[in-house]
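Hello,

Here is the structure I promised to pass on to you. Please open it alongside this email, as my notes refer to it throughout.

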Amino acid sequence: MLTSIVGINWGDEGKGRMVDLLSEEQDIVVRYQGGNNAGHTVINERGKFVLNLLPSGILRPDVVCVMGNGMAIDLAHLEGEIGRLREAGVEISPANLKISDRAILTLPYHVQLDCLEEERLAGEKYGSTRRGIGPVYGDKYLKKAIRACDLLNLDYLAKRLKGIVAYKSLMVEGVYKADPISYDEMLAWLTKYANMFREYIIDTGIYLTNAVKEGKRIMFEAQLGALRDIDFGIYPYTSSSSTIAAYAPIGSGIPGIGLDNVIGIMKAYSTCVGEGPFTCEWFGEEAEELRRAGGEYGAATGRPRRVGPFDVVASRYGCRVQGANEIALTKTDILSYMKKIPICVAYDVNGVRTTEFPMGDALNVAKPVIEYVDGWNCDISGCRTIEDMPKELIAYVKKLEELVDCKIKYVSVGAEREAYVQMF
Ligand code: GDP
């Protein structure tokens with residue numbers, strides 16, 4: 001059984017929380033794209049954990065975690081993340097963590113270039129998290145990235161690095177007038193991490209192909225959401241990787257194998273970190289109240305998230321491009337303070353009402369069409385069965401289900417592992 005867990009919206013839907021819950025039934029959890037530019041927050045009986053690179057399954061002792069070839073891995077960040085988890089008693093070794101030999105590595109100069117470019121763009125910036133993700137994916141397609149397998153042969157690494165550093169220095173020095181990159185420092189950095197991670201690096205394609213043959217249950221965990229996908233998202237304010245479910249087999253090393261199940265994680269209201277069009281955006285006190293209620297500050301950067309009501313147009317599009325066959329609706333408890341709950345049911349684009357998600361400049365000028373439904377206006381955090389749910393909450397779930405055209409299977413009512421209702 002191959003299941004993918006993906007974001008329907010702009011990210012921060014609570015994917016980590018749902019993977020943590022649903023990974024109980026899994027043998028393997030794979031991260032297949034992105035880097036440490038976003039974070040999953042997981043709260044369970046072992047504590048509160050922020051995971052940027054590691055798959056959320058790492059918190060379950062019986063689950064093997066795989067970091068796939070579609071990822072961009074900053075090994076210094078990974079060292080820190082593993083260190084923090086070990087301090088909390090989580091065991092991590094080559095037995096339960098496998099790094100794809102084809103994964104690209106984010107180096108210090110990628111982070112430097114990311115910052116230099118955002119500073120150059122100033123007021124026009126893309127809202128990069130400045131973790132080097134754009135530059136390292138750019139290098140992947142320019143065929144100038146270092147991959148994990150290069151760490152397994154230090155002579156070959158040294159030779160490749162020489163040419164790459166010379167090329168990158170041209171950019172750092174010539175374009176941005178910054179100091180050239182030190183080859184010796186980069187080689188020392190990479191050698192340090194080669195020694196640290198050598199035993200974790202394998203051909204995860206072979207590992208996962210065998211796991212599929214053995215009938216293992218595998219879960220693919222995405223970072224960010226459909227609207228940040230490089231192809232289908234709000235380009236250029238997207239991430240630099242494919243955040244959609246269809247990329248899961250490719251980014252994991254088993255491109256010929258299809259998924260059995262795609263669970264879309266959808267938030268009961270809208271949030272967005274960084275720049276770009278966000279049609280439903282609220283401002284002022286209304287926004288502050290929702291942001292405070294939902295604790296909407298970025299897990300990786302601490303930035304306040306932009307917030308607004310549930311957006312049917314964007315979410316229906318998100319369900320479609322993800323190919324979700326069921327939904328987990330998260331953070332419904334955050335709406336408990338509202339007497340009436342606003343829903344953006346359509347966009348008005350230059351006077352024309354539409355429910356199809358627009359692209360390019362049409363998205364920039366789109367205005368939300370809002371309808372209100374009754375709120376439940378009571379504490380729902382203790383709901384564990386449909387019988388416990390107030391009728392307004394059931395009605396809200398049914399309405400969203402109908403509007404986005406996908407079944408809602410789980411309704412999350414709190415951050416804790418058990419705080420959810422299974423609808424069917
Ligand atoms: P991810 O990147 O999609 O995993 O999302 P984040 O971790 O950035 O954001 C989700 C946040 O909401 C985390 O702090 C979760 O612990 C929390 N969370 C997830 N589901 C719920 C829920 O149903 N209710 C509440 N109150 N918090 C939730």
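Below is what I found, beginning with the ligand and moving on to the backbone.

Please keep in mind that this is a predicted model.

**Where the ligand sits**

The ligand occupies the second largest pocket. Domain 1 (2-100 + 209-263) and domain 3 (266-422) both contribute residues to the shell around the ligand, so it lies between them.

**What surrounds it**

There are 18 residues around the ligand, and those that come nearest are Lys15, His40, Thr41, Asp333 and Ser412. By type, the shell splits into eight polar, seven charged and three nonpolar residues.

Which elements supply at least two residues each of the shell? They are helix H1 (15-22) and strand S3 (40-44). H1 gives the largest share, with three residues.

**Polar contacts to the ligand**

Three contacts are worth finding on your screen:

- Thr41: one of its backbone N or O atoms is 2.7 Å from an oxygen atom of the ligand.
- Lys331: here too a backbone N or O atom is involved, 2.9 Å from an oxygen atom of the ligand.
- Asp333: a polar side-chain atom lies 2.7 Å from a nitrogen atom of the ligand.

As for how covered the ligand is, it exposes 580 Å² when taken alone, and the protein buries 91% of that.

**Two backbone details**

Most residues other than glycine have a negative phi, and most peptide bonds are trans. With that in mind, two places in the chain may catch your eye.

One is Lys331, whose backbone contact to the ligand is listed above. Lys331 is not a glycine, yet its phi is positive, at about 60°. You will find Lys331 in the loop between strand S15 (326-330) and strand S16 (340-349).

The other is the peptide bond from Tyr235 to Pro236, which is cis, with omega near 5°. To locate Pro236, look in the loop that runs between strand S10 (218-225) and helix H8 (248-252).

If you only have a few minutes, I would start with Lys331, as it combines the positive phi with a backbone atom 2.9 Å from a ligand oxygen.

Happy browsing, and best wishes!

Definitions and conventions. Residues are numbered from 1 along each chain as its sequence is written. This is a predicted model: local features need pLDDT of at least 70, side-chain atom pairs count only at pLDDT 80 or more; totals for chains, interfaces and linings use all residues. Side-chain values use heavy atoms; hydrogens and water are left out. A residue is near a molecule or strand if one of its heavy atoms lies within 4 Å of it. A polar contact is a pair of N or O atoms within 3.5 Å; within protein, one must be able to donate a hydrogen and the other to accept it, and residues adjacent in sequence count only if both atoms are side-chain atoms. Accessible areas come from the Shrake-Rupley method with a 1.4 Å probe; for residues, only the protein chains shown count as cover. On a 1 Å grid over the protein atoms alone, a cavity is a set of points where a 1.4 Å probe fits but cannot get out, and a pocket is an open set with protein on both sides within 12 Å along at least five of seven lines; lining residues have an atom within 4 Å of a point. A molecule sits in a cavity or pocket if more than half of its atoms lie within 2 Å of its grid points. Helices (H or I, at least four residues) and strands (E, at least two) are DSSP runs, numbered from the N terminus. Ala, Val, Leu, Ile, Met, Phe, Trp, Tyr, Cys and Pro count as nonpolar, Asp, Glu, Lys and Arg as charged, and the others, Gly among them, as polar. Domain bounds come from an automatic or database domain assignment.
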